[in-house]
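Here is a briefing on a protein structure with its sequence. Take a look at both before reading on.

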Amino acid sequence: MNIRLNVVAAKTIIRKEIVRVLRIWVQTIVPPAITMTLYFIIFGNLIGRRIGSMDGFDYMQYIAPGLIMMSVITNSYGNVVSSFFGAKFGRHIEEMLVAPMSYATIIIGHVAGGVLRGLLVGLLVTIIALFFTRLTVAHPLVVVLTPLTYLGGVFYSISMLPEFWQNVSKANPILYMVNAFRYGILGTSDISIGHAYAILIVFVVVLFTSCMYLMQRGIGIRE
Amino acid sequence: MVTIRDLMKALSITNLTKTYSNGNQALKGIDLSVESGDFYALLGPNGAGKTTAIGIVTSLVNKSGGEVEVFGHSIDSELEAAKACIGIVPQEVNLNLWESVGNIVRNQAGYYGLHGKLAKQRVEKYLRALRLWDRRDHIARSLSGGMKRRLMIARALVHEPRLLILDEPTAGVDIEIRRSMWEFLQEINEAGTTIILTTHYLEEAESLCRHIAIIDEGRIIEDARMSDVLRKLQREVFVLSLTEELPEAPALDGFMARLRGDRELEVEKGPDCDLNDLFVQLNARNIHVSSLRNKANRLEELFMRLVDSKQQEAEL
Ligand SMILES: Nc1ncnc2c1ncn2[C@@H]1O[C@H](COP(=O)(O)OP(=O)(O)OP(=O)(O)O)[C@@H](O)[C@H]1O
Ligand SMILES: [Mg+2]
């Protein structure tokens, strides 16, 4: 494998992804900011007032890290999905498939692009959390990730769940990300931090390997 | 000086088969061998398997069986090295229509490991060559069909591949641009790039290519130097425009002549006849010819004959 070529190619993909995010910022950046603002108002303000405190923090404070992380995760994920599927249906994915970079480079480039969008949106949501603004209503459909995020301990401590649902939650990678992030900000977590990282690494390895397998076999992208 | 690289085949395909998942057998074991530096035409009717074969070579389609080597690099064991040698202009537009013309070519350079100044220079060079430099900041969607095709050519050339594969590059391109595209392809071929081209314009294949292969229903039915193929043509039909009307077709020795409309005479010539002889005979009969043309493109006749005879065999 030609390392220099793959580094240039990965940078190119990342630049391409950033150009795409900024080009369609009305779709990529505005909706998550609006959604999160709504979450802060509804859960933080309205519901939070009735819930009181959680782990010694007021509810708004408790959910803020989770909401930030959730927007980072859904936007990273959403970016990779829409960019990749857009490229597949527009057929310009072929530009990458005919090139001599490795499939790992294609995956890493898109993941990095997704993470950058996630971080950008995360930053924006953090700012929103700090300075509350006025809002308008819009509802982008978050279909697949929503059930996951609700079990991801964004809004509650999983120790509050029945045992069965505690176990279901533990199969959800988002739980570990939210808790690690909350630990970082608030110093409280449902799960030990070492445990969270270990599990996240396992998820990364397993998911990356399955992506590589799909690319190599060309499942869904090559006849 | 001739080096080993020059002697190496640009593309070598052995017993290549492809059966699509719906059971469609698109390639039934084809062999092709393209010399380095050649200008090669891959012809065949719709659905013959041209795009499928090209798809396999460029790793957009998985093969069912057989071997493919690009400049000695097997696509099984040295896929990335093989890919680095190829530039592909696909039959169907596969541009990101929302991306700018400049970015499309620039990104492609990046995918092949070119960056910085060199990438910039190449982008400019090929956008200028394909007359798209003025449009570099426009999104691909705003280009006309012919411009999109030119953009795909610029994109395929930006890494200066040793083997350029064009799947119907001149479909939907106007006459002027087509001519300039021909010239351009001839130039880069002379500069050493091996070119494989598919087209349904046989005139194009005849004037550009030095080697032709005809594929039909997933099998190669002809594979030879262009000059040999044309020599093999058994008969040729010419249409002569006459200065005066004739009452009936003259009987000519060694030629079949029939009248066609007012002042047109259709003359069929066998392989061993001499056109000078035709004019001697016409002179003797005081028949004057104002102009002369081939009834059909020569290659077109051969093509029709080959494909037809296949079909007749199938019907029998
Ligand atoms: N994705 C696919 N799934 C199933 N069958 C396919 C697929 N793509 C092509 N085929 C079939 O494979 C055969 C060869 O198709 P191919 O596109 O290679 O032909 P072609 O020679 O390029 O034709 P054309 O001149 O029309 O471009 C056809 O019978 C076609 O229907
Ligand atoms: Mg085709």
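In chain B, 69% of the contacts with a separation of 6 or more join residues 24 or more positions apart. Keep in mind that this is a predicted model. The points below take the chains one by one, then the cores, the interface and three residues of chain B.

**Chain B overall**

- Chain B has 316 residues, and 51% of them count as buried.
- Its secondary structure comes to 11 helices and 14 strands.
- Along the principal axes, the C-alpha atoms of chain B fill a box of roughly 75 × 45 × 45 Å.

**Chain A overall**

- Chain A has 223 residues, of which 46% are buried.
- Chain A contains 10 helices and two strands.
- In sequence order, the pattern of chain A is α-α-α-β-β-α-α-α-α-α-α-α. The two strands are thus written after three helices in that pattern.
- Of the contacts in chain A with a separation of 6 or more, 75% are between residues 24 or more positions apart.

**Nonpolar cores**

- The largest nonpolar core holds 53 residues. Those with the most contacts inside this core are Leu43(B), Leu127(B), Leu151(B), Leu164(B) and Leu299(B).
- Helix α6 of chain B, residues 145–157, gives the largest share of this core, with seven residues.
- Apart from this core lies another, of 52 residues. Among its members are Ile93(A), Ile107(A), Met215(A) and Val68(B).
- What does Leu151(B) touch, leaving out residues up to four places away in sequence? The list is Leu95(B), Val101(B), Ile104(B), Val105(B), Leu127(B), Leu132(B), Ala140(B) and Leu143(B). One of these, Leu127(B), is also named among the residues with the most contacts inside the largest core.

**Where the chains meet**

- At the interface, 27 residues of chain A are in contact with 31 residues of chain B.
- The size of an interface is often given as the accessible area lost when the parts come together.
- Between chain A and chain B, the buried area is about 2700 Å². Carbon and sulfur atoms give 49% of this area.
- On the chain A side, Glu95(A), Val98(A) and Glu223(A) lose the most area to chain B. Together they account for 26% of what that side buries.
- How many salt bridges does the rule find across the interface of chain A and chain B? It finds three.
- Glu92(B) forms a salt bridge with Arg91(A). Their closest N and O atoms are 3.0 Å apart.
- Between the two chains, 10 residue pairs are in polar contact, both residues being at pLDDT 80 or more.
- Two helices of chain A, α1 (3–23) and α5 (93–97), each supply at least two residues of the side that touches chain B. Helix α1(A) gives the most, with 10 residues.
- The side of chain A that touches chain B divides into 13 nonpolar, four polar and 10 charged residues.

**Thr170(B): a residue in a loop**

- Thr170(B) lies in the loop between β7 (163–167) and α7 (175–190) of chain B.
- Is Thr170(B) buried or exposed? Thr170(B) is buried, because its relative accessible area is 1%, and buried means under 20%.
- Not counting residues up to four places away in sequence, Thr170(B) touches Arg149(B), Arg178(B), Met181(B), Trp182(B), Thr199(B), Tyr201(B) and Glu204(B).
- With Glu204(B), the side chain of Thr170(B) makes a polar contact of 2.7 Å.
- Thr170(B) and Arg150(B) are 20 residues apart along the chain, and their C-alpha atoms are separated by 9.1 Å.

**Arg122(B) and Asp228(B): residues in helices**

- Arg122(B) is in helix α5 of chain B, residues 116–129.
- Arg122(B) has a relative accessible area of 15%, so it counts as buried under the 20% cut-off.
- Beyond its neighbours within four places in sequence, Arg122(B) is in contact with Leu114(B), Val158(B), His159(B) and Glu160(B).
- Asp228(B) is found in helix α9 of chain B, residues 226–232.
- Asp228(B) is partly exposed, because its relative accessible area is 36%, in between the cut-offs of 20% and 50%.
- Asp228(B) and Ser12(B) are 216 residues apart in sequence. In space, they are 21 Å apart, C-alpha to C-alpha.

Conventions
Residues are numbered from 1 along each chain as its sequence is written. Chains are lettered from A and ligands numbered from 1 in the order in which they are written. This is a predicted model: local features need pLDDT of at least 70, side-chain atom pairs count only at pLDDT 80 or more; totals for chains, interfaces and linings use all residues. Side-chain values use heavy atoms; hydrogens and water are left out. A nonpolar core is a set of buried Ala, Val, Leu, Ile, Met, Phe, Trp, Tyr and Cys residues joined through side-chain atoms within 4.5 Å. Buried means under 20% relative accessible area, exposed over 50%, partly exposed in between (1.4 Å probe, protein chains only). Helices (H or I, at least four residues) and strands (E, at least two) are DSSP runs, numbered from the N terminus. Contact means heavy atoms within 4.5 Å. Buried area is the accessible area (1.4 Å probe) that two parts lose on being put together, summed over both. A salt bridge is a side-chain nitrogen of Lys or Arg within 4 Å of a carboxyl oxygen of Asp or Glu. A polar contact is a pair of N or O atoms within 3.5 Å; within protein, one must be able to donate a hydrogen and the other to accept it, and residues adjacent in sequence count only if both atoms are side-chain atoms. Ala, Val, Leu, Ile, Met, Phe, Trp, Tyr, Cys and Pro count as nonpolar, Asp, Glu, Lys and Arg as charged, and the others, Gly among them, as polar.
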